[in-house]
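Hi,

Here is the structure I promised to pass on. Have a look at it first, and then read my notes below.

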Amino acid sequence: MNTDKPLISVIIPVYKTEKYLKTCVESVCESDYKNLQIILVDDGSPDRCPEMCDELALGDSRIEVIHKENGGLSDARNAALDIAQGDYVTFIDSDDLIKKDMISDMYDIAVKENCDIVKTGMIMTEDEKDDGVNGDYIVVGKREALGRIYTDPPSIVTICGKLFKISLFDGLRFPVGMLNEDEYLTPRLFYRCERIALSEKTGYLYMQRPGESIMRSGFSPKKMVILSIVEDRTRLFESWGYKELAQLSERDNFVHLLLLRKKTKNTEYKEQYDLIMQKMGKIKFSYLSIGQKVRYILLKFHLYDFIFSGGENG
């Protein structure tokens, strides 16, 4: 194996994806960047995934397998980070695919531009074709990268489809037991960086599997976690001295509150509705846009539903 280039750790949590696991791992093994440590984390999967992980490891000496009790996605990623030996690390979900040149392209940009994080282009697809777009990249600082959370597609905050210097994770891990863990961790990783490259070239294929819906409009109490994440983000930006970003975060918070209020009003979710209204009362009024301030006042005087009966938005 050519080890002229540094080792890159590839972390793949595995849980109930036996139908897609082999294809996923093969797409990594076939990468044109060869010096890889491929870590498969069997997170207590109840199907054939544990056996498949061991079988795949027999076929490629770069593959290492961790078998552990089920602890969720964050716990699985953390277990792999604890044994990762690469100078860089990238994360792949076990039902997704990567293009052959994704890792090498990200590495080349990282070296050329002295970047701490490189983001590849990501597309959602229902087949396994690697059709995508070619494109250039830009290099931004931490402040602009954080601001792009509010202007770029959702992939800006996903952990997958990025190459990280492993040192960024020193003393930093995924929050165990929390949904939307990427939205919690990514701003913290961005803040540790000086230079971040954002590439338009498609490298990561986010697979839309049968039965999945890109737009999940139904409400679940689990979705309330987004409120804590956005509130946390506002506090982070304030502590970092980014007042304009704190304002954007609080406006985003207000949008989520309005949407969740609509989904829980006049339903069986009274407990969640009451919590939303409590959080609404603690919103930073001075951070809101003019339109949001009007909505806030109308809510306070119980006139909002009368005026905006056709729908709620920010």
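A disulfide here means a pair of cysteine sulfur atoms within 2.5 Å. Keep in mind that this is a predicted model. With that cut-off, the count is 0 disulfides. Take C53: its closest cysteine sulfur belongs to C49 and lies 6.1 Å away, so the two are too far apart for a bond. C53 counts as buried because its relative accessibility is 0%. C193 is in no disulfide either, with the nearest cysteine sulfur, that of C115, 8.7 Å away. The relative accessible area of C193 is 0%, so this cysteine is buried as well.

Next, strand 1. This strand covers residues 8-14, and 7 of its 7 residues are buried. What about its two faces? Both are covered: I8, V10, I12 and V14 are buried on one side, and S9, I11 and P13 are buried on the other. Strand 1 pairs with strand 2 (residues 36-43) in the parallel sense, over 7 bridges, and I12 stands opposite L40 of strand 2. Between these two strands the chain passes through helix 1 (residues 21-29), in a right-handed β-α-β crossover. Strand 1 is also joined to strand 4 (residues 88-91), again running parallel, by 4 bridges. One of the residues involved is S9, whose bridge partner in strand 4 is V89.

Now the charged side chains. How many salt bridges does the count come to? It comes to 25 salt bridges, and I picked out a few that link distant parts of the chain.

- R77 and E181 form a salt bridge, with their closest N and O atoms 3.9 Å apart. R77 sits in helix 3 (residues 73-81) and E181 in helix 6, 104 residues apart. Both R77 and E181 are buried.
- R173 and D82 meet at 3.1 Å, N to O. R173 is in the loop between strand 8 (162-165) and helix 6, while D82 is in the loop between helix 3 and strand 4, 91 residues apart. With a relative accessible area of 32%, R173 is partly exposed, whereas D82, at 56%, is exposed.
- E194 and K142 meet at 3.8 Å, N to O. E194 is in the loop between helix 6 and strand 9 (196-207), and K142 is in helix 5 (residues 142-147), 52 residues apart. E194 counts as exposed because its relative accessibility is 57%, but K142, at 17%, counts as buried. Besides these pairs, salt bridges that share partners tie R77, D93, E181 and D182 into one network.

While you are at helix 6 (residues 181-191), look at F190, which is found there. F190 counts as buried, at 1% relative accessibility. F190 and E144 are 46 residues apart in sequence, and their C-alpha atoms are 9.6 Å apart in space.

Last, the surface. Which residues make the nonpolar patch of about 640 Å²? They are F285, I297, F301, L303, F306 and I307. Of these, F301 is placed in the loop between helix 10 (290-300) and helix 11 (304-307). F301 counts as exposed because its relative accessibility is 56%.

Happy to talk it over whenever suits you.

Cheers

How values were computed
Residues are numbered from 1 along each chain as its sequence is written. This is a predicted model: local features need pLDDT of at least 70, side-chain atom pairs count only at pLDDT 80 or more; totals for chains, interfaces and linings use all residues. Side-chain values use heavy atoms; hydrogens and water are left out. Patches are made of residues with over 30% relative accessible area and no salt bridge: like charges are joined within 9 Å, nonpolar side chains (Val, Leu, Ile, Met, Phe, Trp, Tyr) within 5 Å. Accessible areas come from the Shrake-Rupley method with a 1.4 Å probe; for residues, only the protein chains shown count as cover. A salt bridge is a side-chain nitrogen of Lys or Arg within 4 Å of a carboxyl oxygen of Asp or Glu. Buried means under 20% relative accessible area, exposed over 50%, partly exposed in between (1.4 Å probe, protein chains only). Two strands pair if DSSP finds at least two bridges between them. A crossover is right-handed if, with the strands pointing away from the viewer, the path from the first strand over the helix to the second runs clockwise.
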